[in-house]
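The exercises below ask you to work from a structure to short, reasoned statements about charge pairs, burial and secondary structure. Try each task before reading its solution.

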Amino acid sequence: MEANEKDILRGGQFLVKETNCEDVFTPEDFSEEQTMMKESVMEFNDREIIPHKARFEAKDYALTEEVMRKAGDMGFLSVAVPEAFGGMGMGFVSTVLTCDYISSGTGSFSTAFGAHTGIGTMPITLYGTEEQKQKYVPKLASGEWFGAYCLTEPGAGSDANSGKTTAELSADGKSYKINGQKMWISNAGFCSVMIVFARIEDDKNITGFIVEYDGENPNGITLGEEEHKLGIRASSTRQVFFNDTVVPIENMLAGRGEGFKIAMNALNVGRIKLAAACLDSQRRILSTAVNYANERKQFKTPISDFGAIKVKLAEMATNAYAGESATYRAAKNIEDRIAMREAAGNTHQEAELKGVEEYAIECSILKVAVSEDVQHAADEGIQIFGGMGGFSEETPMESAWRDARIARIYEGTNEINRMLSVGMLVKKAMKGHVDLLGPAQKVQEELMGIPSFDTPDFSELFSEEKVMINKLKKTFLMVAGGAVQKFGPDLDKHQQLLIAAADILIEIYMAESAILRTEKNAKRFGAESQSVQIAMSKLYLYHAVDIIEEKGKESIISFAEGDEQRMMLMGLKRFTKYQNYPDIVDLRNEIAEKVKAENKYCF
Ligand SMILES: Cc1cc2nc3c(=O)[nH]c(=O)nc-3n(C[C@H](O)[C@H](O)[C@H](O)COP(=O)(O)OP(=O)(O)OC[C@H]3O[C@@H](n4cnc5c(N)ncnc54)[C@H](O)[C@@H]3O)c2cc1C
């Protein structure tokens, strides 16, 4: 079916519109081409990365570079690059699945890969002129050159637009001279192209430049020593100093003062890819953990037989499943939106830019949720391995935990992404792109009305869960709507509220995605075949409801008072109440038994 405006939800609209399960894309929908790509990437990971884990851990930066070149030879660096510039021009889903399946060997390679293909290359493919693209993109796509992205400075991290690096136009008007210091630059040690952000005169916004780097002829560029990091040890991270670095004016990216926009849009793409890059790690962590738990005996019993361990296995599997469901759902939305814009006459470049921008809310949601899930998985993985897990570098859990930690910090910290997700949603509502006001008013009316005492028929698969999701959406509208009414444009000063609202938003998206995926698969493959997936969807939702209740309560009692507070708290109770509570222990047991029997993540 051709994608058209009518059946593609806009970014953020998931909150106010019901999605049919047939309209979501799931990993089970991978085309033959996508499946081949996935298998080829997995095979590469198994052959080139995983067996060399010890060398990556020993900070063998040369190995990272060598494997990056091999990834280039395989075409993996060019998946997202249009054919006109030497790329494979595959769709957004393929881009995301490449990031997913190449990432579980080590965070070192995953970071190098992500920094190069995402923030190191995308600013040129998305914003470059034809000449810039012709000159740089084919070399970046093939792996002849590697890219780095120089935004962060010692004084400018989350406040990325406050950088002090300057770009000064030469007297003859032919070049800019860049001066300044960048920090935490991934791939700095082996890159040939840097996307550098600098300020021209007293401009409000920074400007992006493409800067070539050649160690033999450094043009005023010097690199700091490799940083000694907690994790991702063979990912090259250095400071970069620019001292009168001359950059021809034709290397300015987009226009003067457009850098902040470029930086933010590059990060949007980076965020969903980073979420994907945390997925296969979760699968692998679970597979390794269950493998160990099946082997390890205490009290003459495999530890996987203990309920305490089953909880962990079940929760790890469930989070990985929800993460996959939400990531591929959003990836296909982006792909369809790009196709729709191209069909309407946009160039591929414009279409891609707008397509990703449209789903910036979902990209932030995914970045936060999946980066926290992988950390949690690694933490539980360590626990399952006991002393061997946390204190022996011989086992994979210790490095998985250290590698996972960075995902909560880069591509915008999780605090910043939480606040952004809600902030962007409110902005979209104000622009009329998502109608939050109408649905929020309806919730208000419902709160004042008398609740229905009918007993609905919940015999159909997920009928109660779908009602719950609907009620959770009402909770968000009630809480966020109330906060917007109370604080108006000052809402962004109330960060604790924003963060609580973001947590509600995140849980809704993740839980709904898992349910829709399972429902779609149950319809086409039969509910019996999806019994464990049904259990995982129910388990995820159960936790989501709990989190939402807690965050909703915390918000309501902080901003509402008196009758309003009482009414909202009653609403919250109604919106988070199951008619039939699921038996969580049964659900977890069913999931854990399946994972144990298969001895791996198997969904
Ligand atoms: C290993 C590694 C690789 C990296 N690679 C790159 C790269 O390739 N290119 C690049 O440009 N950068 C890179 N970064 C930088 C990374 O993007 C920043 O570290 C990140 O944006 C956070 O900035 P910061 O470290 O200055 O922390 P800060 O901004 O100082 O934040 C510190 C804490 O304060 C919180 N905080 C900050 N502002 C606010 C606010 N307004 N409201 C509430 N809380 C706030 C943050 O959430 C965080 O918890 C990398 C970093 C690391 C560690």
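**Exercise 1.** Determine whether Glu324 is buried or exposed, and then establish which side chain meets Glu324 in a salt bridge and where the two partners lie.

*Solution.* In this predicted model, Glu324 has a relative accessibility of 2%; because buried means under 20% relative accessible area, Glu324 counts as buried. The next step is to look for the partner, and the side chains of Glu324 and Arg283 meet in a salt bridge, with an N to O distance of 2.7 Å. Arg283 lies in helix 9 (residues 279-295) and Glu324 in helix 10 (residues 307-343), so the pair ties together parts that are 41 residues apart in sequence. Arg283, at 7% relative accessibility, likewise counts as buried. Finally, both residues belong to a network of salt bridges, which also links Glu28, Asp46, Asp100, Asp280, Arg284 and Arg517.

**Exercise 2.** Find how Lys354 and Glu357 are placed in helix 11, and do the corresponding analysis for Glu598 and Lys594 in helix 21.

*Solution.* Lys354 forms a salt bridge with Glu357, in which the closest N and O atoms are 3.5 Å apart. Because these residues are three positions apart in helix 11 (residues 348-358), about one helical turn separates Lys354 from Glu357. As for accessibility, Lys354 is partly exposed at 39%, and Glu357 is partly exposed at 33%.

Turning to helix 21 (residues 584-598), Glu598 and Lys594 are four residues apart there, about one turn of the helix, and they form a salt bridge whose closest N and O atoms are 3.2 Å apart. Glu598 is partly exposed at 35% relative accessibility, as is Lys594 at 31%. The count of salt bridges comes to 45.

**Exercise 3.** Identify the residues that gather with Glu550 in a patch of negative charge on the surface, and state the helix in which Glu550 is found.

*Solution.* The patch of negative charge on the surface is made up of Asp546, Glu549, Glu550 and Glu554. Glu550 is found in helix 19, which covers residues 531-559, and at 47% relative accessibility Glu550 counts as partly exposed.

**Exercise 4.** Describe the secondary structure of residues 148-244, and then place Pro248.

*Solution.* An unreviewed UniProt entry annotates residues 148-244 as "domain: Acyl-CoA oxidase/dehydrogenase middle". Over this range the chain is 0% helix and 45% strand, with its end C-alpha atoms 19 Å apart. Pro248 is in strand 7 (residues 237-248) and is partly exposed, at 31% relative accessibility. As a last step, the C-alpha atoms of Pro248 and Phe197 are separated by 15 Å, the two residues being 51 residues apart along the chain.

Terms used
Residues numbered from 1 in each chain as written. Predicted model: local features only at pLDDT ≥ 70, side-chain atom pairs only at ≥ 80, totals over all residues. Heavy atoms only, no water. UniProt positions renumbered as here; feature names shortened; annotations may be inferred. Helix = DSSP H or I, 4+ residues; strand = E, 2+ residues; numbered from the N terminus. Patch = residues over 30% accessible without salt bridge, like charges linked within 9 Å, V, L, I, M, F, W, Y side chains within 5 Å. Areas by Shrake-Rupley, 256 points an atom, 1.4 Å probe, with all protein chains shown as cover. Salt bridge = Lys/Arg side-chain N within 4 Å of Asp/Glu carboxyl O. Lys, Arg positive; Asp, Glu negative; His and termini not counted. Charge placed at Lys NZ, Arg CZ, Asp CG, Glu CD. Buried < 20%, exposed > 50% of the residue type's maximum accessible area, 1.4 Å probe, protein only.
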